[in-house]
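Colleague: I would like to learn how to read salt bridges in a model, and how to judge where their partners lie. Could we go through them one pair at a time?

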Amino acid sequence: PFNCVVLERKVDMGSYISAGTPLATLVCTDEFYVEVSVPADELKWIIFPDGSSDARSPAKIYNPSAWGDAVFREGVVKKFMPSLEAKGRMVRVRITVANPLGDGKGEVPPLLLDSFVRAEIEGKYVDNTAQIPRTALRSGSSIWIMLPDNTLEIRDVEIVWGTSDIVYVTGNIANGDRLVVSDLATPVAGMKLRTRDMPIGNGNGDGNGSGDKH
């Protein structure tokens with residue numbers, strides 16, 4: 001026994017049936033699966049349930065064409081499929097959404113079968129990271145910092161995660177450090193820098209760098 005709706009009826013009243021004859025197709029309404037495609041290298045950030053813990057990554061399901069841009073349904077990650085997609089080489093991840101058909105009052109939108117939706121999965125929490133523009137990343141793994149004496153320091157960092165526009169880094173960076181976002185023609189550690197609001201010739205050197213606090 002389970003809560004369900006009849007998706008398809010295969011016989012009518014008065015039909016003769018025998019053992020094994022399919023009567024109907026039922027769909028459980030307690031929860032629906034949402035299947036999304038995720039790059040294989042992103043799986044390490046998703047929390048999947050295991051035998052030792054019920055912890056799992058939460059997810060938000062969006063259907064802008066049906067619900068609007070700001071409305072979403074909440075779900076949790078269930079599992080991932082053990083094979084890659086033939087096209088795109090992505091991993092299929094299943095998200096469960098409880099009470100998918102809503103409350104019947106219109107306050108909770110129904111998640112309909114075979115809908116095309118967008119999912120946002122919350123990843124693992126990473127401590128002591130800083131978000132910087134990708135353009136501020138130098139030589140792939142270093143950043144430029146303007147020290148309190150207005151000189152340049154080149155620091156190595158580790159990239160934790162990123163997009164085409166931003167990266168999250170950890171390592172030798174702290175709150176309040178002034179990140180240099182301007183390009184320098186010939187960066188050398190110890191060279192003098194100035195910010196845009198520093199007048200030229202104020203004793204801070206004649207470097208052409210520009211620093212922003214981060």
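Modeller: In this predicted model, a good pair to begin with is R138 and D183, which form a salt bridge whose closest N and O atoms are 2.8 Å apart. The pair links distant parts of the chain, 45 residues apart, with R138 in the loop between β8 (130-133) and β9 (142-146) and D183 in the loop between β12 (178-180) and β13 (211-213).

Colleague: Are R138 and D183 buried or exposed?

Modeller: The general idea is that a residue counts as buried under 20% relative accessible area and as exposed over 50%. R138 is therefore buried, because its relative accessible area is 8%, whereas D183 is exposed, because its value is 61%.

Colleague: Which residue forms a salt bridge with E153?

Modeller: That partner is R155, and the closest N and O atoms of the two are 3.2 Å apart. R155 counts as buried at 10% relative accessibility, while E153, at 26%, counts as partly exposed. Salt bridges that share partners can be read as a network, and here they join E153, R155 and D177 into one.

Colleague: Where do the partners R9 and D12 lie, buried or exposed?

Modeller: Both R9 and D12 are exposed, and their side chains meet in a salt bridge with an N to O distance of 3.4 Å.

Colleague: How many salt bridges does the count come to?

Modeller: The count comes to 7 salt bridges, among them the pair R138 and D183 with which we began.

Technical notes
Residues are numbered from 1 along each chain as its sequence is written. This is a predicted model: local features need pLDDT of at least 70, side-chain atom pairs count only at pLDDT 80 or more; totals for chains, interfaces and linings use all residues. Side-chain values use heavy atoms; hydrogens and water are left out. A salt bridge is a side-chain nitrogen of Lys or Arg within 4 Å of a carboxyl oxygen of Asp or Glu. Buried means under 20% relative accessible area, exposed over 50%, partly exposed in between (1.4 Å probe, protein chains only). Helices (H or I, at least four residues) and strands (E, at least two) are DSSP runs, numbered from the N terminus.
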